[in-house]
Amino acid sequence: MANGAWAEIREKFQAALALSRVELHKNPEKEPYKSKYSSRVLLEEVKALLGPAPEDEDELPQAEEGLGAEAHALGLPAEVVEVEGPFALRAVRLAVIEFHLGTNLIDTEELSAGEEHLAKCLRLLRKYRLSQDCVSLYIQAQNNLGILWSEREEIETAQAYLESSEALYNQYMKEIGIPPLDPTEHFLPEEEKLTEQERSKRFEKVYTHNLYYLAQVYQHMEMFEKAAHYCHSTLKRQLEHNAYHPIEWAINAATLSQFYINKLCFMEARHCLSAANVIFGQTGKNPATEDTTETEGDVPELYHQRKGEIARCWIKYCLTLMQNAQLSMQDNIGELDLDKQSELRALRKKELDEEESVRKKAVQFGTGELCDAISAVEEKVSYLRPLDFEEARELFLLGQHYVSEAKEFFQIDGYVTDHIEVVQDHSALFKVLAFFETDMERRCKMHKRRIAMLEPLIVDLNPQYYLLVNRQIQFEIAHAYYDMMDLKVAIADKLRDPDSHIIKKINNLNKSALKYYQLFLDSLRDPNKVFPEHIGEDVLRPAMLAKFRVARLYGRIITSDPKKELENLATSLEHYKFIVDYCEKHPEAAQEIEVELELSKEMVSLLPTKMERFRTKMALT
């Protein structure tokens with residue numbers, strides 16, 4: 001090719017790349033893709049100047065054959081064929097143009113046309129895909145096809161392309177290992193070619209993107225272990241190559257912590273969250289990396305939103321760790337079992353002795369100063385289950401700190417659902433802390449705090465639009481009053497002669513619990529105020545528990561009026577009977593409330609006798 005023509009091709013290609021990088025918001029408002037369209041025109045001109053594809057290109061697999069089922073999309077081993085001679089060189093340069101045309105069309109939402117160009121890129125490169133000249137471009141084309149098929153929800157096809165890219169990267173690194181050419185270098189003069197260091201950096205970034213997309217695909221396929229592994233690998237590589245956006249990296253690490261929390265791997269979860277805090281703290285302070293955009297720090301709302309989201313992940317960490325400890329130490333009525341507590345204390349030494357070996361196997365991010373900074377955050381937070389009030393209180397205070405941080409962004413005006421979830425988590429922190437508290441008066445105060453934060457939410461919520469949330473809060477408030485009443489009764493039982501003030505307090509708590517349980521049960525009624533004959537599976541257990549507790553509450557109202565007491569016992573019996581009758585008609589409901597059903601059957605048997613004795617006593621007096 002004449003030097004003048006080649007210079008023109010190079011110039012047009014570089015101009016096309018520059019136009020493709022123009023951010024959409026810098027285009028005219030009515031022509032958001034203006035720069036993309038201009039870039040495409042230049043790419044088409046370059047393609048025409050390069051000439052037609054080599055003749056043997058027609059013999060290569062067609063686009064429809066190149067999908068997930070075929071050899072090259074399954075990542076089968078490739079043989080090294082070097083790019084030699086003018087025909088091969090033209091094929092590779094055309095493949096670069098096809099790749100950029102494909103991504104350009106996808107950017108302008110012309111997906112099918114974009115797919116055709118990317119498939120053509122793969123066909124042109126197929127025999128050279130393991131060469132130093134082509135491996136990076138081939139992987140990038142497959143990555144883009146993987147994303148395209150993923151967005152179409154053809155997940156298995158996306159998986160095939162992305163796994164093929166991963167296999168090709170691994171084969172290339174094992175058999176060749178030399179940093180390959182970046183696709184743009186095929187249109188650069190020799191003196192402007194990239195250094196090996198820059199080539200390596202760009203190739204590793206391509207592979208990191210491949211792992212990131214695979215993590216998303218595995219998540220979509222509900223292969224959660226694999227998704228977490230690939231997510232961790234992506235995050236680790238981004239730090240190693242200093243190619244990350246601090247806000248995005250931090251939110252991904254915090255999200256990964258939720259996987260470990262659900263697996264009860266609290267050391268790993270703590271590490272992810274600590275790393276998220278440290279990296280998030282770099283926002284606006286880091287020298288620009290390839291992946292850092294100028295928008296970072298320019299969008300305070302996004303910054304504060306992500307900060308709030310990371311805080312919510314910390315809340316879940318504290319809450320789940322405390323709840324897991326509660327489950328390990330409670331007896332069959334939900335109180336602290338001292339024997340279980342002692343057993344866990346004995347295990348604590350073993351857990352601490354094994355900490356170092358566990359840490360070595362656990363996920364690790366960063367090296368040097370970064371590793372030290374992450375460790376400094378970790379050391380302030382326990383990953384072990386709290387065994388007493390003081391240990392639980394440490395986690396509670398940390399969780400409460402992050403509740404305040406989350407509420408700074410997720411306010412009731414504008415983020416109703418998120419704000420309510422944060423408040424509910426705050427309430428749950430108080431509830432689980434109360435389990436560890438031995439002083440009954442202080443436990444009462446904790447439940448009182450829960451009620452104080454939950455009751456205002458009911459006032460602000462429109463029950464028509466927030467029915468499910470309303471029900472959750474009504475049930476939770478009712479349960480808090482119920483627990484307070486039980487505690488006040490236990491306190492009164494220790495006194496020889498409870499005064500009228502205590503009795504009034506117990507009755508008031510009883511009345512409040514009844515009010516909210518009834519509100520919850522009334523929300524299940526149809527527009528004609530009729531209670532359903534068949535209760536939906538999603539509310540079956542809470543509805544049965546509400547009925548059971550209402551029955552128990554009526555039986556515990558303290559009154560000196562015998563007639564009133566008899567009425568209360570009759571109402572109590574009515575609710576116990578509802579549970580027994582419902583479970584006879586709907587046997588599937590019985591397994592949801594086995595304990596409560598047995599107690600209800602007992603009360604249905606005992607209460608009529610008690611009521612008859614009461615009537616006899618009333619007649620005699």
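**Exercise 1. Determine which parts of the chain the salt bridge between Glu-198 and Arg-202 connects, and how exposed its two partners are.**

Solution. In this predicted model, the side chains of Glu-198 and Arg-202 meet in a salt bridge, with 2.9 Å from N to O. The next step is to place the two residues: both belong to helix H7 (residues 196–220), where they are four residues apart, about one turn of the helix. For the exposure, the cut-off needed is that a residue is buried under 20% relative accessible area and exposed over 50%, with partly exposed in between. Glu-198 has 22% relative accessibility and therefore counts as partly exposed, and Arg-202, at 28%, counts as partly exposed.

**Exercise 2. Work out which helices the salt bridge between Lys-12 and Glu-45 ties together.**

Solution. Begin with the distance: the closest N and O atoms of Lys-12 and Glu-45 are 2.5 Å apart, and the pair forms a salt bridge. Lys-12 is part of helix H1 (residues 3–20) whereas Glu-45 is part of helix H2 (residues 34–50), so this salt bridge ties together parts that are 33 residues apart in sequence. As to exposure, Glu-45 counts as partly exposed because its relative accessibility is 31%.

**Exercise 3. Locate the partners of the salt bridge between Arg-152 and Glu-115, and decide for each whether it is buried or partly exposed.**

Solution. The side chains of Arg-152 and Glu-115 come together in a salt bridge at 2.9 Å, N to O. This pair links distant parts of the chain, 37 residues apart, since Arg-152 sits in the loop between helix H5 (135–151) and helix H6 (155–175), while Glu-115 sits in helix H4 (residues 111–125). Arg-152, at 28% relative accessibility, counts as partly exposed, but Glu-115 is buried, with a relative accessible area of 18%. To set these pairs in context, the structure holds 29 salt bridges.

**Exercise 4. Describe the surroundings of Asp-337, and state how far away the nearest side chain of opposite charge is.**

Solution. First find the residue, which lies in the loop between helix H11 (300–329) and helix H12 (338–353). Asp-337 is buried and yet has no salt bridge; Lys-340, the nearest side chain of opposite charge, is 4.6 Å away. A salt bridge requires a side-chain nitrogen of Lys or Arg within 4 Å of a carboxyl oxygen of Asp or Glu. Once neighbours within four places in sequence are left aside, Asp-337 is in contact with Met-329, Gln-330 and Asp-331.

**Exercise 5. For Glu-109 and Glu-222, give the sign of phi and the setting in the chain.**

Solution. Glu-109 has a positive phi of about 70°, although it is not a glycine; this residue belongs to the loop between helix H3 (85–107) and H4. With a relative accessible area of 60%, Glu-109 is exposed. Turning to Glu-222, its phi is near 65°, again a positive value in a residue other than glycine, and its place is the loop between H7 and helix H8 (224–240). Glu-222 is exposed, at a relative accessible area of 59%.

**Exercise 6. Identify the residues that form a negative surface patch, and place Glu-588 within the chain.**

Solution. The patch is formed by Glu-537, Asp-538, Glu-588 and Glu-592. Of these residues, Glu-588 is found in the loop between helix H21 (562–585) and helix H22 (594–620). Its relative accessibility of 42% makes Glu-588 count as partly exposed.

Key:
Residues numbered from 1 in each chain as written. Predicted model: local features only at pLDDT ≥ 70, side-chain atom pairs only at ≥ 80, totals over all residues. Heavy atoms only, no water. Patch = residues over 30% accessible without salt bridge, like charges linked within 9 Å, V, L, I, M, F, W, Y side chains within 5 Å. Areas by Shrake-Rupley, 256 points an atom, 1.4 Å probe, with all protein chains shown as cover. Lys, Arg positive; Asp, Glu negative; His and termini not counted. Charge placed at Lys NZ, Arg CZ, Asp CG, Glu CD. Buried < 20%, exposed > 50% of the residue type's maximum accessible area, 1.4 Å probe, protein only. Contact = heavy atoms within 4.5 Å.
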